[in-house]
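Colleague: Could you please take a close look at the charged side chains of this protein and their surroundings? A connected account, suitable for a first-year student, would be most welcome.

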Amino acid sequence: MSETIRPYEEDDLTVINEILSTTVPWTEYEATYRVDDTAVADEDLFAVATVDGGVTGFVWVVPNGAFDRSGYIKLIGVAEHAQGQGTGTALMDCAEQYVSAESTSNDVFLLVSDFNEAVQEFYRQHGYDRVSILENYVEHGIDEYIFRKSIHDQ
């Protein structure tokens with residue numbers, strides 16, 4: 001079994017949207033989020049992780065998407081069957097390398113829902129710190145935490 005990170009292709013969108021509809025945090029929200037090929041800008045990184053050709057995860061990075069200066073991981077998701085196998089780490093490494101090469105600064109930001117404690121711990125293990133809270137941001141009663149990592153030394 002060999003994992004590869006590669007740019008997404010339009011044919012990957014069905015699996016990406018299935019991951020979005022079957023995993024936390026998206027299953028916790030009433031709204032449904034779908035990705036289509038018109039949403040991804042030319043300067044964005046949208047990559048997928050594959051194992052034996054099948055998509056197991058994805059990451060969408062906007063190089064100056066946080067405060068028009070810093071990298072922003074807009075979306076990241078790993079299929080349930082692939083969680084805990086290094087896919088998320090590989091996608092985060094890819095995202096951080098992209099930000100390091102393409103962003104105005106070497107900071108990376110992302111949001112994580114308050115109820116998503118396992119993912120918060122995953123980000124902490126990868127050097128991210130919670131720096132602020134957006135109360136009731138996506139849905140009333142759910143806060144989003146802003147996490148940040150400086151990647152100067154990578």
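Modeller: E121 counts as partly exposed, because its relative accessibility is 37%, a value between the limits of 20% for buried and 50% for exposed. R124 is likewise partly exposed, with a relative accessibility of 38%. These values belong to a predicted model, as does everything that follows. The side chains of E121 and R124 meet in a salt bridge, with 3.9 Å from N to O. Such a bridge requires the nitrogen and the oxygen to lie within 4 Å of each other, so this pair qualifies. Both residues belong to helix 3, which covers residues 117-125. They stand 3 residues apart, which is about one turn of the helix.

The whole structure contains 5 salt bridges. One of them joins E96 to K149, and here the closest N and O atoms are 3.1 Å apart. This pair links distant parts of the chain: E96 is in helix 2, K149 is in strand 7 (residues 142-150), and 53 residues separate them. E96 is buried, because its relative accessible area is 4%. K149 also counts as buried, since its relative accessibility is 11%.

Another salt bridge is formed by D12 and R6, whose closest N and O atoms are 2.8 Å apart. D12 is buried, with a relative accessible area of 6%, whereas R6 is partly exposed at 21%. For R6 the limit matters: buried means under 20%, so a value of 21% places this residue in the partly exposed class. Through salt bridges that share partners, R6, E9 and D12 are joined into one network.

Charged residues also occur outside such bridges. On the surface, E10, D11, D36 and D37 gather in a patch of negative charge. D11, a member of this patch, is found in the loop that runs between strand 1 (3-7) and helix 1 (13-22). The relative accessible area of D11 is 70%, and this residue is therefore exposed.

Three further loop residues may be considered beside these. The first is H126, located in the loop between helix 3 and strand 6 (129-139). H126 is buried, because its relative accessible area is 17%. A polar atom of the H126 side chain lies 2.7 Å from the backbone oxygen of F122.

The next is Q85, which is placed in the loop between strand 4 (70-78) and helix 2 (87-102). A polar atom of the Q85 side chain lies 2.9 Å from the backbone oxygen of H81. The C-alpha atoms of Q85 and P63 are separated by 26 Å, and these two residues are 22 residues apart along the chain.

The last is F67, in the loop between strand 3 (54-66) and strand 4. F67 counts as exposed, since its relative accessibility is 65%. In sequence, F67 and F109 are 42 residues apart, while in space their C-alpha atoms are 9.7 Å apart.

To return to the salt bridges, the three pairs described here may be set side by side. E121 and R124 lie in one helix, helix 3, whereas E96 and K149 connect helix 2 with strand 7. D12 and R6 form a bridge of their own and, together with E9, belong to one network.

Definitions and conventions: Residues are numbered from 1 along each chain as its sequence is written. This is a predicted model: local features need pLDDT of at least 70, side-chain atom pairs count only at pLDDT 80 or more; totals for chains, interfaces and linings use all residues. Side-chain values use heavy atoms; hydrogens and water are left out. Patches are made of residues with over 30% relative accessible area and no salt bridge: like charges are joined within 9 Å, nonpolar side chains (Val, Leu, Ile, Met, Phe, Trp, Tyr) within 5 Å. Accessible areas come from the Shrake-Rupley method with a 1.4 Å probe; for residues, only the protein chains shown count as cover. Lys and Arg count as positive and Asp and Glu as negative; His and the chain ends are not counted. The place of a charge is taken as NZ of Lys, CZ of Arg, CG of Asp or CD of Glu. Helices (H or I, at least four residues) and strands (E, at least two) are DSSP runs, numbered from the N terminus. Buried means under 20% relative accessible area, exposed over 50%, partly exposed in between (1.4 Å probe, protein chains only). A polar contact is a pair of N or O atoms within 3.5 Å; within protein, one must be able to donate a hydrogen and the other to accept it, and residues adjacent in sequence count only if both atoms are side-chain atoms.
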